[in-house]
Amino acid sequence: MGTLLSSHGFSLFLLWTFTLYGLCLSFSPIDNYLINSGASLDSVVDNRRFISDSSNSPDSHLSSGRTFSLCAGTLLPGLPQIYHTARVFNSPSKYVFNVKDPGTHMVRLHFHRFNSSRLDLGNSRFHVLVNGLVALTNFSGGDFVNPKVIEYLLYVNSEKVEIRFVPAKKSNFAFVNAIEVISAPKDLVLETAQYVNGDKIEEFQGLNKQAFETMYRVTVGGPKVTPFNDSLWRTWIPDDEYLKSSEGSNKVYFGGRIKYQDGGASREVGPDNVYDSARLIRSKNASIPNVNLTWEFPVSEDYKYLVRMHFCDIASISLGLLYFNVYVNEHLAYKDLDLSDVTNYMLASPFYADFVVDAGRSGVITVSVGPSSKSMGYTVDAILNGVEIMKMNNSVYSLDGKVPAELIMKCWPRRTLGILLPLIALACLLLSLSAIVHRRKSNAELFPWSKLPTDIHEISPKQAKLQLSNIVT
């Protein structure tokens with residue numbers, strides 16, 4: 001009995017040690033801003049503290065004069081506290097965050113249209129700009145059932161990150177529940193990728209300088225991965241909804257240690273819980289299955305997309321047995337992929353491949369894996385562990401439409417200017433009247449015999465408007 005207790009205690013000690021070791025190795029971003037919008041108090045979600053943005057907080061980062069806080073009318077069981085409050089904007093407003101670590105940053109915007117007797121968040125309609133990037137246009141905040149988290153990755157070479165919320169019209173308003181601005185690991189987005197242009201494979205340069213919106217983040221063959229189990233606090237959803245057909249595939253789970261290597265996929269690129277599960281094609285005899293595994297993802301047209309595919313050989317019994325082909329949009333993107341070769345001949349070592357593709361008019365991106373001419377019988381003939389699909393900014397630096405940020409800001413009706421022009425006109429009129437009266441009085445005293453002019457030159461409304469505009473500028 002004493003030996004049993006001792007073994008149990010030793011197991012708990014090992015579990016505590018490995019947990020502490022994992023925490024020590026976890027990513028710690030230099031820029032790490034977590035904002036609880038509209039709340040008067042901080043909130044903790046997944047061991048992360050979201051700071052109140054109230055005016056009394058020194059860390060509010062909010063720059064606006066026409067905002068107010070909104071609270072949910074009822075408690076929302078099962079939802080984190082950050083979704084119980086919101087910051088509402090009646091005019092263009094912004095959050096400003098100082099940047100200490102230039103480079104790729106992750107920006108996450110949290111929205112939840114909860115019920116409130118004070119305001120119907122369903123009537124919101126607004127645009128969101130991030131450092132000149134058009135992130136959202138005519139957005140209404142998602143649905144009433146589940147919170148919506150939208151993640152962006154963008155290259156920041158300035159001293160600040162500015163997130164602007166712009167109501168679509170004077171009668172509309174904007175809102176947000178929480179904001180994350182985090183400096184990303186340097187290896188998260190590299191400089192180059194493979195551009196799959198039909199049957200041609202070309203090198204795509206400057207990938208790390210693009211802006212991205214995460215459209216899909218999928219773990220293949222495994223359960224949902226929550227932010228608590230991801231060193232970058234991401235969510236990975238199961239692939240079942242996107243798998244075209246499961247015929248000929250098998251799920252596999254791995255209970256050993258994922259072996260990350262320098263220069264390869266890091267834990268920040270993909271967590272253990274993604275690489276320790278997969279779907280695969282396996283030969284049960286000497287013949288090679290004539291089947292591919294295919295996943296389909298609906299996307300918006302007229303954009304390029306970054307397709308990142310994650311691989312980890314957790315199923316082969318030996319090195320050098322797994323060869324397969326990778327397809328993107330039905331085009332051969334990687335021929336005879338040998339995971340043993342690309343991982344320096346180590347099993348259970350992760351690898352990922354980046355492909356840039358055009359969405360085309362189909363509105364669907366497909367990814368597939370299948371046996372190659374080098375595949376062998378009685379072995380694994382294809383494997384996939386995870387997929388990420390990210391929309392890339394277009395030529396006007398937008399992820400949502402063809403209107404640049406400059407025009408969006410110009411379209412907003414500037415109330416201050418509308419009030420300022422009449423005030424300036426009135427001031428000019430009073431100054432003109434005062435000058436005329438003063439001049440008449442002076443002329444009467446100095447030249448009593450002179451007649452007052454009767455043909456005063458009138459200024460046209462067009463000329464007056466021109467003069468007023470010159471005064472304003």
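1. In this predicted model, the structure holds one cavity of 30 Å³ or more, and the space in the largest cavity comes to about 30 Å³. Its lining is made up of Met106, Glu151, Leu153, Leu188, Arg217, Arg234, Glu388 and Met390. Two elements, strand 11 (148-156) and strand 28 (386-392), each give two or more residues to that lining.

2. Turning to the nonpolar interior, the largest nonpolar core has 49 residues, of which Trp295, Phe297, Met309, Phe311, Phe324 and Val369 touch the most other members. Leaving aside residues up to four places away in sequence, Val369 is in contact with Ile281, Asn292, Leu293, Trp295, Met309, Phe311, Phe324, Asn325, Val326, Ala382, Ile383 and Leu384. Another core, of 39 residues, lies apart from the largest one, and its members include Ala86, Phe126, Val128 and Leu399. As background, nonpolar side chains in soluble globular proteins tend to be buried together.

3. A reader following the strands will also find an open sheet of three strands, arranged in the order 5-6-13 with antiparallel pairing. Strand 5 (67-71) and strand 13 (174-176) each have a single partner strand and stand at the edges, so one side of each is left without a neighbour in the sheet. On average, and with direction ignored, neighbouring strands of this sheet are turned by 30 degrees against each other.

4. Within that sheet, strand 6 (residues 85-89) and strand 13 run antiparallel and are joined by three bridges. Val88 has Phe175, in strand 13, as its bridge partner.

Key: Residues are numbered from 1 along each chain as its sequence is written. This is a predicted model: local features need pLDDT of at least 70, side-chain atom pairs count only at pLDDT 80 or more; totals for chains, interfaces and linings use all residues. Side-chain values use heavy atoms; hydrogens and water are left out. Two strands pair if DSSP finds at least two bridges between them. Helices (H or I, at least four residues) and strands (E, at least two) are DSSP runs, numbered from the N terminus. Axes are lines fitted to C-alpha atoms, for helices over the stretch in contact, and angles run from 0 to 180 degrees between N-to-C directions. A nonpolar core is a set of buried Ala, Val, Leu, Ile, Met, Phe, Trp, Tyr and Cys residues joined through side-chain atoms within 4.5 Å. Buried means under 20% relative accessible area, exposed over 50%, partly exposed in between (1.4 Å probe, protein chains only). Contact means heavy atoms within 4.5 Å. On a 1 Å grid over the protein atoms alone, a cavity is a set of points where a 1.4 Å probe fits but cannot get out, and a pocket is an open set with protein on both sides within 12 Å along at least five of seven lines; lining residues have an atom within 4 Å of a point. Grid points are joined across faces, edges and corners, and a volume is the space filled by probe spheres set on the points.
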